[in-house]
Amino acid sequence: MRISTAHHNQSVAHKEISAFKQRPKNETRIETQLVSHNVALSKFNAKDLRVEKMKGVIEMEVYITARVSYKTWIFRSRRRTLKAVCTPVMINVTANSLDGFQRVLCRTRL
């Protein structure tokens, strides 16, 4: 699984997550931290990011890509690529940013 974030279609951070199995009728919460180091941004994106940071809310896009397969009884599907795009994800960067995230609907394609 690969999770990446972007600001105005320019990649900011990404992370690869190792494979896992999900039990039937189960829900798996994936918690990870995406850290960005020495990312070269365009002048427009850098300026816009600074302005949004001063306002206290940064708007990002989140992209998720994963290889999945399903097993029903004894039949296993072939591996398919699941893609999800979540936009806009609003990130609070103020002192009281413990408010958490608001629910964002994502577009998915299998």
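1. The expected span of a helix is 1.5 Å times one less than its number of residues, and this rule can be applied to helix α1 of the present structure, which is a predicted model. Helix α1 covers residues 43–55, and for its 13 residues the expected span is 18 Å, while its end C-alpha atoms lie 19 Å apart, so expectation and model agree. Just after α1 comes G56, which has a positive phi, near 100 degrees.

2. The two sides of this helix deserve separate attention. N45, D48 and E52 are the buried residues of α1, and, when the helix is viewed down its axis, these buried residues fall within an arc of 70 degrees, so they line one face. Such a pattern can be read against the geometry of helices in general. An α-helix has 3.6 residues a turn, so residues three or four places apart point the same way. Turned away from the buried side is a face that carries the exposed residues K43, K47, R50, K53 and M54. The cover over the buried residues of α1 includes the strands β1 (2–7), β2 (10–16) and β3 (57–68).

3. As for the chain as a whole, the protein has one helix and seven strands, and, read from the N terminus, these elements follow the order β-β-α-β-β-β-β-β. The C-alpha trace spans about 55 × 30 × 25 Å along its principal axes. The radius of gyration of the chain is 17 Å, whereas a compact globule of 110 residues would have one near 13 Å. Of the 110 residues, 19% are buried, and, among contacts between residues at least 6 apart in sequence, 52% join residues at least 24 apart.

4. How many disulfides does a search of the whole structure find? The search finds one, and this disulfide joins C86 to C106, with an S to S distance of 1.9 Å. C86 belongs to strand β6 (residues 80–92) and C106 to strand β7 (residues 106–109), so the pair ties together parts that are 20 residues apart in sequence. The link of C86 and C106 is right-handed, with 105 degrees about the S-S bond. Its two ends may be described separately: C86 is buried, at a relative accessible area of 8%, whereas C106 is partly exposed, at 36%.

5. Two further buried residues help to show how the strands are placed. S4 lies in strand β1 and, with a relative accessibility of 13%, counts as buried; leaving aside residues up to four places away in sequence, S4 touches A13, H14, E61, V62 and Y63. E61, in turn, is located in strand β3 and is buried, with a relative accessible area of 10%. Under the same exclusion of residues up to four places away, E61 touches S4, T5, A6, H7, H8, N9, C86 and T87, and one of these partners, C86, is an end of the disulfide. The C-alpha atoms of E61 and L41, which are 20 residues apart along the chain, are separated by 15 Å.

6. A last point concerns annotation. In an unreviewed entry, UniProt places the feature "domain: Late embryogenesis abundant protein LEA-2 subgroup" at residues 6–84. Over residues 6–84 the model is 16% helix and 38% strand, and the end C-alpha atoms of this stretch are 13 Å apart.

Methods
Residues are numbered from 1 along each chain as its sequence is written. This is a predicted model: local features need pLDDT of at least 70, side-chain atom pairs count only at pLDDT 80 or more; totals for chains, interfaces and linings use all residues. Side-chain values use heavy atoms; hydrogens and water are left out. A disulfide is a pair of cysteine sulfur atoms within 2.5 Å. Helices (H or I, at least four residues) and strands (E, at least two) are DSSP runs, numbered from the N terminus. Buried means under 20% relative accessible area, exposed over 50%, partly exposed in between (1.4 Å probe, protein chains only). The arc is that of the directions from the helix axis to the C-beta atoms. Contact means heavy atoms within 4.5 Å. UniProt positions are given in the numbering used here, feature names are shortened, and annotations may be inferred rather than shown by experiment. The radius of gyration is taken over C-alpha atoms; the globule rule is 2.2 Å times the number of residues to the power 0.38.
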